[in-house]
Amino acid sequence: MGVEIRVEGLTKSFGRQTIWQDVSLTVPAGEISVLLGPSGTGKSVFLKSLVGLLKPDRGHIWIGDRDLPRLPESKLYETRKLFGVLFQDGALFGSMNLYDNVAFPLREHTKKSESQVRQIVMEKLELVGLVGAERKLPGEISGGMKKRAGLARALVLDPEILLVDEPDSGLDPVRTALLNQTMVDLNAEIGATFLIVTHDINTARTVPDNIGLLFLRELVMFGPREMLLSSEEPVVRQFLNARTVGPIGMSEEKDVSELEAEAALGRDPGRLPPIPPQLMTSDGRIRPGQHAPGAWCAAHGVTPPAGSFVDDLGRDWVEEWPRYVASMAPGAAAAADGGFAGDPRPGPSAPGAGR
Amino acid sequence: MAAPGIDADRRGGDEADGASSGGALGAFRRITDGAANIAIKEPGRFFALCLDTFRAMFRWPFQWREFIEQAWFIVSVTVIPTMLVAIPFGGVLSLQVGGLIRQLGAQSYTGATAVVAIVREASPLVTSLLVAGAAGSAMCADIGSRKIREEIDAMEVLGINPLHRLVVPRMLACAFVAVFLNGLVSVVGLMGGYFFNVMLQDGTPGAYLASFNAIAQLPDLLQAELKAFVFGITAGLVAAYKGLNAKGGPKGVGDAVNQTVVITFMLLFLENFLISTLYFQFVPSKGM
């Protein structure tokens, strides 16, 4: 049921260039976390450090009770079997077709017969919608298909931790939404710990339980999604609302005069409108409380900005949530005449804490 | 960490110290850093990769399939060029040495000199040329493109050691094929020499063949085969090292291939010299 990743004081530099320093965070077991950050803040480097492909200069990465940067090579390869990693462009083996790519980890690490391998591979390919393309070579398919095939390969050993590097880059919005939904469903199904690196705010607003933001060589914030979505921290607010107003500039950080000019004009990053329910990912399985809108704010005494949880149909999800959960409980759906009355869609849909 | 030598310069450990980098001292430091990098760090990393590959060589299971595929691939890119190079090589040797020998009045020994020249020196050199130029460059391009497509990373993440999986079979296949290439060059080169001697220099076939073992001896062939084996291992390791450290997209792979060929050539000629020197120390020449 997932493994916790605990990062303590992690620092990495290439030569004289510090990528990030003193990053400490705990990716909770079995939850989806998203790491955001402007381009070039070392998100991918962070991901590669987590699987031991890059050695940090200082700090610890605890996977369970194992400190990854200090593991001997044999233990490291053993520990890596806990991980599934989806690289940016899939990183499929160019000399093998999709079937062999997905079957590769099974053939290397298990003693399963070819028929068992076939069954598992076809199951995973079906999950990502690639049945029928299994004899194609990676060079013959589109970027989106590569990514989905990469996901199938990452999943084939039933990993405890799934690291995903930019699932949305180069994908159309529909496929991005579908891939996001797939990841949420998977998380509910296999309970693995997910860490997704992206700079797509819609992914960040719909998928994760937790969000972290890297900026200027530091982890600005890491916490439950609602905490970041309702945060008043200028960097977080600017990034999550995709505005030009704020400390993040084109190259890296804006200089003081620019910020003063913005302040003098009274410009404000503003807020994005709430995501309509049909664009929200469902949480795969109803877990009462986990996605309850406003629950985290209530528990921590934070007052969310007015209208934070009101969707475009005017429903306040802080009030709607208990009724929704009750309607999704086993047996209740049939009694409630086909599901939750207020939900425009058939089937499960957890709107979460939409802003 | 992952196998040293892969992506060696990004693995940290060479963290920049806080010393000021400005002024003459900074410039001096940058120059000495660069020099140290070339003189110590790169060879050190290469040596680390060699040791790791050696360790990975004895890990079960051996990748037979990859070994055979690679051996076949190397054969396919080297056999024809090797023969095409060996024929004129043998011919040129015959022409040069044959003319000289005729002037000395020892024409009946043309075959003997051709055997010595081709088996002892020419065939290992031609083999090294082909192994470095064709096999090494192809291998480096293959591994380098896998590196920049993140396939190597993906393999490591899947818990598979790329040295064991990719480098060991390639290196051994290269050595395996080099040994046979050496034999091929010897045979084809001698045939070329025979052809030129008999057809163009009016030598007699009987004299050419009869003097074959006048100077040459079996250890000559053995040392040539040993050279070829060492060349194959070296070419495989250099190609793997450069390929695994390729960076910066397709151009990076091109650079890596270029460096592989140059470095392999230099190393192979050096090794050829060293082995020849040692050989003459340990094996006395055959008296006539």
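Select strands β3 (residues 32-36) and β9 (residues 210-215) of chain A: the two run parallel and are joined by four bridges. Strands here are DSSP runs of E with at least two residues, helices are runs of H or I with at least four, and both are numbered from the N terminus. Two strands count as paired if DSSP finds at least two bridges between them. To see one of the pairings, pick S33(A), which stands opposite N210(A) in β9(A).

Before going on, note that this is a predicted model, in which local features need pLDDT of at least 70, side-chain atom pairs count only at pLDDT 80 or more, and totals for chains, interfaces and linings use all residues. Residues are numbered from 1 along each chain as its sequence is written, while chains are lettered from A and ligands numbered from 1 in the order in which they are written.

**The open sheet of chain A**

Extend the selection to six strands, which form an open sheet of mixed pairing in the order β6-β7-β8-β3-β9-β10. β6 (83-86) and β10 (218-224) each have a single partner strand, so one side of each lacks a neighbour in the sheet. On average, neighbouring strands of this sheet are turned by 15° against each other, direction ignored. Now add helix α1 (residues 43-50) of chain A, which packs on the sheet and touches β3, β7 (161-165), β8 (193-197) and β9. The direction of α1 makes about 155° with that of β7(A). Such angles run from 0 to 180 degrees between N-to-C directions, with axes fitted to C-alpha atoms, for helices over the stretch in contact.

**Helix α9**

Select residues 234-241 of chain A, helix α9, where V235(A), V236(A), R237(A), F239(A) and L240(A) are buried. Buried means that 20 or more other C-beta atoms, placed from the backbone, lie within 10 Å of the residue's own. The buried residues of α9(A) pack against β3, α7 (201-206), β9, β10 and α8 (225-229) of chain A. After α9(A) comes A242(A), with a positive phi near 50°.

**The second set of strands**

Which way do β1 and β4 of chain A run relative to each other, parallel or antiparallel? β1 (residues 5-14) and β4 (residues 58-63) run antiparallel, joined by five bridges, and V7(A) has I61(A) as its bridge partner in β4(A). Next take β5 (residues 66-67), which is antiparallel to β4(A) and joined to it by two bridges. Here I63(A) stands opposite R66(A). The hairpin of β4(A) and β5(A) has two residues between the strands, and G64(A) takes a positive phi near 65°.

**Across to chain B**

Show both chains: 26 residues of chain A are in contact with 20 residues of chain B, contact meaning C-beta atoms, placed from the backbone, within 7 Å. Then find the largest nonpolar core, which has 145 residues; such a core is a set of buried Ala, Val, Leu, Ile, Met, Phe, Trp, Tyr and Cys residues joined through C-beta atoms within 7 Å. V102(A), A152(A), L163(A), L213(A), M171(B), C174(B) and A240(B) touch the most other members. Helix α3 (residues 110-148) of chain B gives the most to this core, with 19 residues.

Finish on L129(B), which lies in helix α3 of chain B. L129(B) is buried, with 21 other C-beta atoms within 10 Å. Add T82(B): the C-alpha atoms of L129(B) and T82(B) are 8.9 Å apart, though the residues are 47 apart in sequence.

Key. Contact = placed C-beta atoms within 7 Å. Buried ≥ 20, exposed ≤ 12 C-beta atoms within 10 Å, placed from the backbone.
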